[in-house]
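Subject: Structure for your review

Dear colleague,

Please find below the structure that I am handing over to you. A summary of what was found in it follows the display.

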Amino acid sequence: MNSLPPLNTNNPQQFNHNLHWNIKFNSKEKLKILQINLQKAKVPTAILAKMAKDQLPDIFNVQELFVKDNKIEGLPSYWKSWLSKNQKAGILPSFINPIFLYSGTNIAAIKIKVDSNPITIISSYSSPYNDIELNLRET
């Protein structure tokens, strides 16, 4: 593995982990995040709406969505989504209204507040043919 240079904290392309916001999630219930790889297929992507109704997740952390013409096919139009630049990683919140932080080649990141604690949620796609360290450095 090649050693990469340290992160440049002055780089405006990297997101700010200290961002302040007024978004809050009530943690009387546990935060429920579902992670799924949809294999770039339309049917599994369309099933997300049914999963949301059945499982009641707060956030879907997804990889390899079925995207056509920059639109996630099969999802209701009112769903919010944040995708990586290559559209292989995404975050779909059910009812939480997060702050969008960053979209890189293979990652998307949002920030939410749970009680008084900030949480950064990152969805990342890593090809089995590439070095995962590249994705880790992108954050």
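**Overall composition**

The protein contains two helices and nine strands. Please note that this is a predicted model. In sequence order, its elements run β-α-β-β-β-β-β-β-β-β-α. The chain has 139 residues, and 37% of them are buried. Among the contacts with a separation of 6 or more, 59% join residues 24 or more positions apart. The exposed surface of the protein comes to about 8,800 Å², and 51% of that area is supplied by carbon and sulfur atoms.

**Nonpolar cores**

In soluble globular proteins, nonpolar side chains tend to be buried together. In this model, the largest nonpolar core consists of 12 residues. Its members are Leu-34, Leu-38, Leu-48, Ala-52, Phe-60, Val-62, Leu-65, Ile-72, Leu-75, Trp-79, Leu-83 and Leu-92. Two elements, α1 (42–55) and β2 (59–63), each give two or more residues to this core.

Leu-75, one of the core residues, may serve as an example of the contacts involved. Leaving aside residues up to four places away in sequence, Leu-75 touches Thr-45, Leu-48 and Leu-92. Of these partners, Leu-48 and Leu-92 are also listed in the largest core.

Another core, of nine residues, lies apart from the largest one. Its members include Ile-59, Ile-96, Ile-110 and Ile-121.

**The sheet β7-β8-β9**

Three strands form an open sheet in the order β7-β8-β9, with antiparallel pairing. Strands β7 and β9 are the edges, each pairing on one side only. On average, neighbouring strands of this sheet are turned by 25 degrees against each other, direction ignored.

Strand β8 covers residues 107–114, and seven of its eight residues are buried. With β7 (residues 99–103), β8 pairs in the antiparallel sense over four bridges. Within this pairing, Tyr-102 has Ala-109 of β8 as its bridge partner. The connection from β7 to β8 is a hairpin of three residues.

On the other pairing, β8 and β9 (residues 117–124) are joined in the antiparallel sense over eight bridges. Ile-110 stands opposite Ile-121 of β9, and both isoleucines belong to the nine-residue core described above. The hairpin of β8 and β9 has two residues between the strands. In that hairpin, Asp-115 takes a positive phi near 55 degrees.

When you open the model, you may wish to begin with Leu-75 and the residues that it touches, and then turn to the pair Ile-110 and Ile-121.

With kind regards

Notes
Residues numbered from 1 in each chain as written. Predicted model: local features only at pLDDT ≥ 70, side-chain atom pairs only at ≥ 80, totals over all residues. Heavy atoms only, no water. Buried < 20%, exposed > 50% of the residue type's maximum accessible area, 1.4 Å probe, protein only. Contact = heavy atoms within 4.5 Å. Areas by Shrake-Rupley, 256 points an atom, 1.4 Å probe, with all protein chains shown as cover. Core = buried A, V, L, I, M, F, W, Y, C linked by side-chain atoms within 4.5 Å. Pairing = 2+ DSSP bridges. Axes fitted to C-alpha atoms, helices over the stretch in contact; angles between N-to-C directions.
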